[in-house]
Every structure is written in C-alpha cells, then in structure tokens.
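Reader: Could we go through this structure together? Please begin with the terms you rely on.
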Amino acid sequence: MLAEVTATRYITPLREGGSLPGLVEGDDLHTYVMKFTGAGQGRKTLVAEVVCGELARRLGFRVPPLVTIALDPVLGLGEPDREVQELLRSSGGTNLGMDFLSGALGFDPLAFAVDPEEAGRIVWFDALVNNVDRSWRNPNLLMHRGDLWLIDHGATLIWHHNWPGAESSAARPYDASDHALARFAPDVEAAAAALAPLVTVDLLAEVAAEIPDVWLADEPGFDTPDDLRRAYARPLLARAAVIHQRITGIEGSK
Ligand SMILES: Nc1ncnc2c1ncn2[C@@H]1O[C@H](COP(=O)(O)OP(=O)(O)OP(=O)(O)O)[C@@H](O)[C@H]1O
Ligand SMILES: [Mg+2]
C-alpha cells in the first residue's frame, strides 16, 4: 500500500501539465505534486502512474516516491481560479501524489547527453508499458542533482482502456522514433537482458497491490479489485519477454 497523506493546502497549479496537476501541502508538511481523480481521463491515468511508477522503481529507475492524497473538496472553495475550483470540487477522496523534486529541470535532449546503457533501459521500459508520452517535444524526464528521473506515466498501458482487446493490443510493437532518447543509441538489447528477467509474476503482483482499491472498483467484466490487478499484470508479463524485438524507430533496431 502506498503511504497515505491528507491535503491541507492547495499551493499552485503546475501550468505546464496538460491535466493541471497542482502543488499541495500534506498533513506531513511535505510538498507534493498532486494528480486529481477529477481530471481528464480520470482514475485510469492515476492507476497507470502507480503501476508504471512502482514497477520502474523496482527495476532500479529513479521515480519520485508516490503517495495517496485524501482531498476534502472544501479546499477548493477559496480558489480564485474557476478551473482549479472545479478540479478540486470533482476530486474528493483518494488522489495521487508524488514527491516534489525541488529545483529539478526539465530534461533537454539538446543540452544533456545520456549514455547508451541508460537510454536503452529507459526506452526498453517505455516500450514495455507502451509510453507514448516521452517524446523529444515533451520528455517527461527531470534532471535532479545530476540524475535523470522519470515522471508522468499517465499515458501508458493503452490496453487498460479496452480490456476485452488487451491481449492483441499488448502484442503490438512500440515505435520509438519520437522518443526523447532515440538519438542516444539506446542499447535495448542489454536493457532487455538485464531487466526482463526481473519482471516476474511475483514482482507484478507486488506492484499491482499498490493500486488503491477505490480506483479498481466497478470495472466492467471484473468481479473484484484483485481480478483487475491480475489483468494489469498479464500483458506486462507477456510483453517483457518479447518487446525488445518489437521496438521500431531507433538505429540498429527493427
Ligand atoms: N515530482 C515532480 N517534481 C518536480 N516537478 C514536477 C514533478 N512532477 C511534475 N513536475 C513538473 O510539472 C510538469 C507537469 O507534470 P506532468 O508531466 O506529470 O503532468 P501532465 O499533466 O501529465 O503533463 P503532460 O502535459 O505531459 O500531459 C512537469 O513537466 C514538470 O515540469
Ligand atoms: Mg508531462
């Protein structure tokens, strides 16, 4: 289970984020980037953040720690901005938070170099979860104290939007031609050799256990949250074994 905090203060919106994430203070006095259940695609975006963030962390990537944030919509009453007010009003209950990396800079592929080994690991991971949101236009990578951190995994796991077609959807290749790290000769073969064996049934069960029950309730075709958790694990297990052979758009790959 993710740690739980309660929002005590809405600080400011992060205007560059399409889904209008905000900075909030928790009752533990930490500052979090908060993603709202009432935003855009709703709770599935948050489930994808948890599955990918917690999987990436267990595979050795740097990902800001995730928490759940309980929100009382009353917090929105004093907000002058109507859009923010609406978002807070429609997001009562359990939301997602991640540690705010103070002073982090957005990764710029023209200003920083990444070695082929690290680039390969990140491209391989993005292929595994089918991340379509790590392009050179919008890398969703932060530089923090000299290291690369992964953020923003809401636009992944496309198969969870249509469970009956999940198996065939997850068998599709990954086009990395737009990937922010495609220019760094990513060594996806080495990444697959190191990381694929770590993606086991047990690891995926541990990851899926982190998804809050409330975001899994009432999914058509599933009787219990745990049934749905197993459905999250299956395509990732299948994809881990083969996806390095199905990455297109980078030098040296098919
Ligand atoms: N943990 C963090 N620490 C510091 N800054 C962050 C963090 N998470 C997000 N940000 C900043 O906020 C911006 C928006 O966050 P994020 O990309 O997660 O939101 P989004 O609404 O999903 O964005 P997008 O426009 O890419 O769909 C990031 O580009 C980054 O500048
Ligand atoms: Mg983003």
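Author: Ala, Val, Leu, Ile, Met, Phe, Trp, Tyr, Cys and Pro count as nonpolar, Asp, Glu, Lys and Arg as charged, and the others, Gly among them, as polar. This is a predicted model, in which local features need pLDDT of at least 70, side-chain atom pairs count only at pLDDT 80 or more, and totals for chains, interfaces and linings use all residues. Residues are numbered from 1 along each chain as its sequence is written, while chains are lettered from A and ligands numbered from 1 in the order in which they are written.

Reader: How does the shell around ligand 1 divide by class?
Author: The shell comprises 10 nonpolar, 7 polar and 4 charged residues.

Reader: And which residues come nearest to ligand 1?
Author: Gly17, Gly18, Ser19, Leu101 and Asp152 do, out of 21 around the ligand; a residue is near if its C-beta atom, placed from the backbone, lies within 6 Å.

Reader: Turning to the chain, what domains is it divided into?
Author: Domain 1 (3-99) and domain 2 (105-248), with bounds from an automatic or database domain assignment. Each of them supplies at least three residues to the shell around ligand 1.

Reader: How many residues of domain 1 are in contact with domain 2?
Author: 24 residues of domain 1 are in contact with 24 of domain 2, contact meaning C-beta atoms, placed from the backbone, within 7 Å. Helix H1 gives the most to the domain 1 side, with 15 residues; helices (H or I, at least four residues) are DSSP runs, numbered from the N terminus.

Reader: Which residues of H1 meet H6?
Author: Val51, Glu54, Leu55 and Arg58 in H1 meet Leu203, Val207 and Ala208 in H6.

Definitions and conventions
Two residues are in contact if their C-beta atoms, placed from the backbone, lie within 7 Å. Helices (H or I, at least four residues) and strands (E, at least two) are DSSP runs, numbered from the N terminus.
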